[in-house]
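I opened this entry to record what I looked up around the bound ligand, then in the pocket, and lastly in the backbone.

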Amino acid sequence: MIRMVDLKTQYENIREEIDRAVLDVIASTDYINGLAVKTFQAELEAYHNIDHVIPCANGTDALQIAMMALDLKPGDEIIVPAFTYVATAEVMALLGLTPIMVDVDPDTFNLPVEQVEAAITPRTRAIVPVHLFGQSVDMEPLLQLAQQHHLFVIEDNAQAIGASYEFSNGTRKKTGAMGHVGCTSFFPSKNLGCYGDGGAITTYDADLAQRLRMVANHGQNKQYHHAIVGVNSRLDSIQAAILSVKLKRLDAYCAARRQAADYYDAAFADMPQLKTPVRAANSSHVFHQYTLVVQDGDRDALRQHLTDRQIPAMIYYPIPLYKQKAFEKYWSGAELPVTEALCRTVISLPMHTELTPAIQDRIVGAVRDYFK
Ligand SMILES: *Cc1c(COP(=O)(O)O)cnc(C)c1O
């Protein structure tokens, strides 16, 4: 059976180490904020080469906690891509902030600096670049723009942990370690996934780190002293122990995804009907998704053709954020052309760390067969 994401084979390959790590936590009874959480936090700080990691319960919480800790207020505008997962804008709506949804780049599907600049108003307080499908946003011009306008940059790194970006002076930084704050998710199918829910927030700023920790922990700076209104958002010790086992393998997992992407690219290279993922020169793509654009053909019919042959394929994302019923009040009524076109034409093929040429040949064969 071909899966979109094969977590089962991945687990089988690391089973002994995972099982031992989980059983150790159970035996320790150190379930909440235990040693495993502190260990993983330090490992993730080292991996990102960043001073502060604040673990939390999931990626959506990470975004919400970041916006609360930055003291964003109702009515503040935050610029966000219209082509993304709902979580990014959802937390803004929850906090009374106004998401300003802008169009994306047709090649990278990411936030272009020109669109962001055009959307800035006196009420704009922050930008949320989403490193979509595993590829870094072009951060250098975005960070410059943010600095000029005194805006916070909150990276949504849920899909791109492990990716990096090269600045024009040759410095390379990991996604999640470029803005004021980075937010990631350890949802099982993410590039660094645990076996349940998990998330983390990254920052260089010591004061912000302290606020982030307070917000995530009921707003307390001292036990039973609640200085601000916070939430309860923790990473379980068991999940942290699993993540430590997998973090050691993250670079190898990213390499496996890239290799699988190369294989697909080569297999579709002669097909003008399909546009394969565009890799930005200054970003290392970690292929959370392998997403094709159907340039000539019916995307939905292709998906049905694949489903009929037991080949899974997913549409990320079928509806622009501004056309979601929950967000209709934020929509001006103007359609964003690139986002609209992508929602109609993208299709994501199975992408994970355990793909083999034999599996990919079956997937490629079924896709090619549709266009025959
Ligand atoms: C998965 C995801 C999130 C949310 O993460 P959860 O851990 O599921 O809450 C946020 N943003 C993007 C872009 C995501 O892909």
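I began with the secondary structure around the ligand and found that helix H3 (59–69) and helix H4 (87–94) each supply at least two residues of its shell. I kept in mind throughout that this is a predicted model.

I then listed the shell itself, and the residues that surround the ligand are Asn58, Gly59, Thr60, Tyr85, Ala87, Thr88, Val130, Asp156, Ala158, Gln159, Ser185 and Lys190. Sorted by class, this shell has 4 nonpolar, 6 polar and 2 charged residues.

Next I looked up polar contacts made by oxygen atoms of the ligand. For Ser185, an N or O atom of the side chain lies 2.6 Å from a ligand oxygen, while for Gly59 the partner is a polar backbone atom, at 2.8 Å from an oxygen of the ligand. I also noted Asn58, where an N or O atom in the side chain is 3.5 Å from a ligand oxygen, a value I record with care because the cut-off for a polar contact is itself 3.5 Å. I followed these contacts with the surface areas: the ligand taken alone exposes 380 Å², and the protein buries 92% of that.

Where does the ligand sit? I found the ligand in the largest pocket, which holds about 510 Å³ of space. The lining of this pocket comprises 28 residues, and those nearest the centre are Tyr85, Gln159, Phe187, Lys190 and His288. Helices H3 and H4, together with strand E8 (181–185), are the elements that give two or more residues to this lining. By class, I entered the lining of the largest pocket as 13 nonpolar, 12 polar and 3 charged residues.

I closed with two backbone details. The peptide bond that runs from Tyr316 to Tyr317 is cis, with omega near 5°, and I placed Tyr317 in the loop between helix H10 (299–308) and helix H11 (337–345). Asn49 has a positive phi of about 50°, although this residue is not a glycine, and I located Asn49 in the loop that lies between helix H2 (35–48) and strand E1 (52–56).

Note on methods: Residues numbered from 1 in each chain as written. Predicted model: local features only at pLDDT ≥ 70, side-chain atom pairs only at ≥ 80, totals over all residues. Heavy atoms only, no water. Near = heavy atom within 4 Å. Polar contact = N/O pair within 3.5 Å; in protein donor to acceptor, adjacent residues only side chain to side chain. Areas by Shrake-Rupley, 256 points an atom, 1.4 Å probe, with all protein chains shown as cover. 1 Å grid on protein atoms, 1.4 Å probe; cavity = no way out; pocket = protein on both sides within 12 Å on 5 of 7 lines; lining within 4 Å. Sits in = over half its atoms within 2 Å of the grid points. Helix = DSSP H or I, 4+ residues; strand = E, 2+ residues; numbered from the N terminus. Nonpolar A, V, L, I, M, F, W, Y, C, P; charged D, E, K, R; others polar. Points joined across faces, edges and corners; volume = space filled by probe spheres on them.
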